[in-house]
Amino acid sequence: MRPRKKDRDLPAKVYRKHGAFYYVHQNKWERIGSTIEEALEAYARKVKAASTGAGMPKLIDDVLKQLGTKLKPNTLLQYEAAGNRLKEILAEFEPHQVKAKHVASIKNSMAATPNMANRVISFLRTVCTYAVEWQLMDSNPCVGIRRFEEKKRDRYLTDAELAAILAVSTENMRVIYLMAYLTAQRINDVLNIKLADISDEGIAFKQQKTDKRLIVAMTADVKDIIARAKALPRSARGLTLFTTKRTCKPVIYETVKQQFKKASERAGVKDATLHDLRAKSITDAKKQGHDPQKLAGHSDPRMTERYIRLREIDVAQGPALAKIATDER
């Protein structure tokens, strides 16, 4: 770094300009006071924040720690992902420096992924709520920032598409996909099926997201998938039905998600996600005369209907030509 030619009485990164003092970092000029006393006090806070790991990154970590015992594991993972993104964006910010214009800028920068943007801003709103309570902010800068309108997913995975995906999948993944379809449970709940959860009556589930308890009845198809999963070569038998080959630990969600994506691409099935298995299962269950709400574990029937309504396509009957054809003759 070149030595200063002027303002040698000021600390590093602090400059005089137009009668005020500014902190300059990464070509950004931040006004820190109109007097030398104000500037030095603000500079000291910044140095202290940098040395103690304070600022927005620390606030985000503190909030995640608070939420850690209150959230479901999958929800906490989503919050941590949003938190990591925000810590990168707001690395140079103190809590009191975050304004509505910054939140709006974060939202707009993620316009290409509106669902993710909504989740990031939603988590930031929670972080700022804690900051207000802890007197680190005067008000919540997320208030008044509107969510992106999210398109409701109406993708229905056809029997032919699912068959194509299964055909190019490994047996390790194939049995997981099939169990997810046959039980209509969320993937994490399927991956957490313990051998002790399986009985002649069926498979007992306690849904992570809702704490709902239910048993999916044993059928010939379910029994077949259980047998196929147990027959997979393993160095030892773990406590869960689906385990990794070498370590015999439960299979993780991210692995299944990525493998399903790759299988869909190999099969030439476009716009298919792992979550489409649950939607297909619930929709097909209704077609076959079963109770879709009970199978899904929804407490509100409207949630079940939303799953089904978005994916059911009415088959309309057109008029017959019999009379017209007769008249023409």
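**Notebook: cavity and sheet**

I looked first at what lines the largest cavity, and found that helix α5 (residues 114-133) gives the largest share of that lining, 4 residues; helices here are DSSP runs of H or I with at least four residues, strands are runs of E with at least two, and both are numbered from the N terminus.

I note that this is a predicted model, in which local features need pLDDT of at least 70 and side-chain atom pairs count only at pLDDT 80 or more, while totals for chains, interfaces and linings use all residues. Residues are numbered from 1 along each chain as its sequence is written, and side-chain values use heavy atoms, with hydrogens and water left out.

I searched the whole structure and found 1 cavity of 30 Å³ or more, a cavity being a set of points on a 1 Å grid over the protein atoms alone where a 1.4 Å probe fits but cannot get out, with lining residues having an atom within 4 Å of a point. The largest cavity holds about 40 Å³ of space, volume being the space filled by probe spheres set on the grid points, which are joined across faces, edges and corners.

I listed its lining as K107, N118, I121, S122, R125, I145, R146, R147 and F148, which divides into 3 nonpolar, 2 polar and 4 charged residues.

I then turned to the open sheet, whose 3 strands pair antiparallel in the order β1-β2-β3, pairing requiring at least two DSSP bridges between two strands. The edge strands, each paired on one side only, are β1 (14-17) and β3 (28-33). Strand β2 (residues 20-25) is joined to β3 by 5 bridges, and I found W29 in β3 as the bridge partner of V24.

Terms used: 1 Å grid on protein atoms, 1.4 Å probe; cavity = no way out; pocket = protein on both sides within 12 Å on 5 of 7 lines; lining within 4 Å. Nonpolar A, V, L, I, M, F, W, Y, C, P; charged D, E, K, R; others polar.
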